[in-house]
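Reader: I should be grateful for a close look at a single part of this model, with enough of its setting to read that part properly.

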Amino acid sequence: MSIRFRLASCAVPTFLGFLLAGCASQALLDAAASTEKPDQDGLTRVASDVEAQGQIVAALPIYEQAAAASNDPKAQVRLGDAYTRAGKTDQAIKAYRAALAVAPDNPDALLGLGSALVKAGDADGAVVALAKAAPIVNTMTAYNRLGVAQTQTGQFAQAHQSFDTASALAPDDLDIRINLALAAALEGQETKAIDVARTVVTSPGAEARHRRNLMIVYGLLGLVDEGRAAAPKELSANEAKKLLARAMAIRAISDAKARAKALGTIMS
């Protein structure tokens, strides 16, 4: 969701990369010294230009200045997105919430907040935000993130539906389809889980992790013989045995959230 603009001229092109941070700093000083209202669009353009040069740390204060210069929730969303790209999840959450305080139904703020909450470990909060955002945004990314959050909260049937929707929007995305297969397996939908997982591993773009996940699907469904037969060639016999045993152990966990958390440990 970053917005890229052409770089405003403030240095000789030959020395542009070297002087870029100085250009940004001068823009901030000029804005701060001015008695007029800071130009949000101008600050955003400078911040975007700085970030485009790989200077995300230098760009953040400019995004902050732009957000402070306006009550427009879009400025807070841009700031939240910048914090997200910089790996500053807590600050991103605050920025998205500031946007939602002004515009409670802003889909970009809801999507950003939900995604950040997943990273922060608040899957329950993420589900609330993403469930509102996904039908509005209606993208593969939104529904996939919603499905991930629902899986983490133990809402396997709902996750199944979300991944189904995401897959319909991006039918060639194998990672989403394997997410769908795993959610279906956690829900106990044997036929759906196996059919989807098999389709994934026979696709031309299938990778080792996809073949590994087919084995996990069988383990989650309690199909030991099928799981052994599906062991990918990339795994040694001992590794395959351990993986199948761990998947079988997850199947035996009664608490849905604990089962989802345990699955996360063998997916990483």
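Author: The following account takes the contact of two helices as its subject and then turns to its surroundings.

The model is a predicted one, in which local features need pLDDT of at least 70, side-chain atom pairs count only at pLDDT 80 or more, and totals for chains, interfaces and linings use all residues. Residues are numbered from 1 along each chain as its sequence is written, and side-chain values use heavy atoms, with hydrogens and water left out.

The part in question is the pairing of helix α2, residues 40–52, with helix α3, residues 56–68. Helices here are DSSP runs of H or I with at least four residues, strands are runs of E with at least two, and both are numbered from the N terminus. The two helix axes come within 8 Å and cross at roughly 170°; such axes are lines fitted to C-alpha atoms over the stretch in contact, with angles from 0 to 180 degrees between N-to-C directions. Helix α2 is therefore roughly antiparallel to α3, a term for angles over 145 degrees.

On the α2 side, the contact is made by Q40, L43, T44, V46, A47, S48, V50 and E51. Their counterparts in α3 are I56, A58, A59, I62, Y63, Q65 and A66. Contact means heavy atoms within 4.5 Å. By class, the residues of this contact comprise 10 nonpolar, four polar and one charged. Nonpolar covers Ala, Val, Leu, Ile, Met, Phe, Trp, Tyr, Cys and Pro; charged covers Asp, Glu, Lys and Arg; the others, Gly among them, are polar.

Helix α4, residues 73–85, contains Q76. Q76 counts as buried because its relative accessibility is 18%, where buried means under 20% relative accessible area with a 1.4 Å probe and protein chains only. Leaving out residues up to four places away in sequence, Q76 touches A67, A95, A98 and A99.

For the wider setting, the chain has 15 helices and zero strands, and 44% of its 268 residues count as buried. Among contacts with a separation of 6 or more, 47% join residues 24 or more positions apart.

Confidence is expressed as pLDDT, the predictor's score for each residue from 0 to 100. The chain averages 86, and 85% of the residues score at least 70. Over residues 1–25, however, the pLDDT is below 50, and this stretch has 24 contacts in the model beyond near neighbours in sequence. Residues 31–36 likewise stay under 50, with three contacts beyond four places in sequence. Where pLDDT is low, predicted coordinates should not be read in detail.

Note on methods
Angles under 35 degrees count as roughly parallel, over 145 as roughly antiparallel, 65 to 115 as roughly perpendicular and the rest as oblique. Buried means under 20% relative accessible area, exposed over 50%, partly exposed in between (1.4 Å probe, protein chains only).
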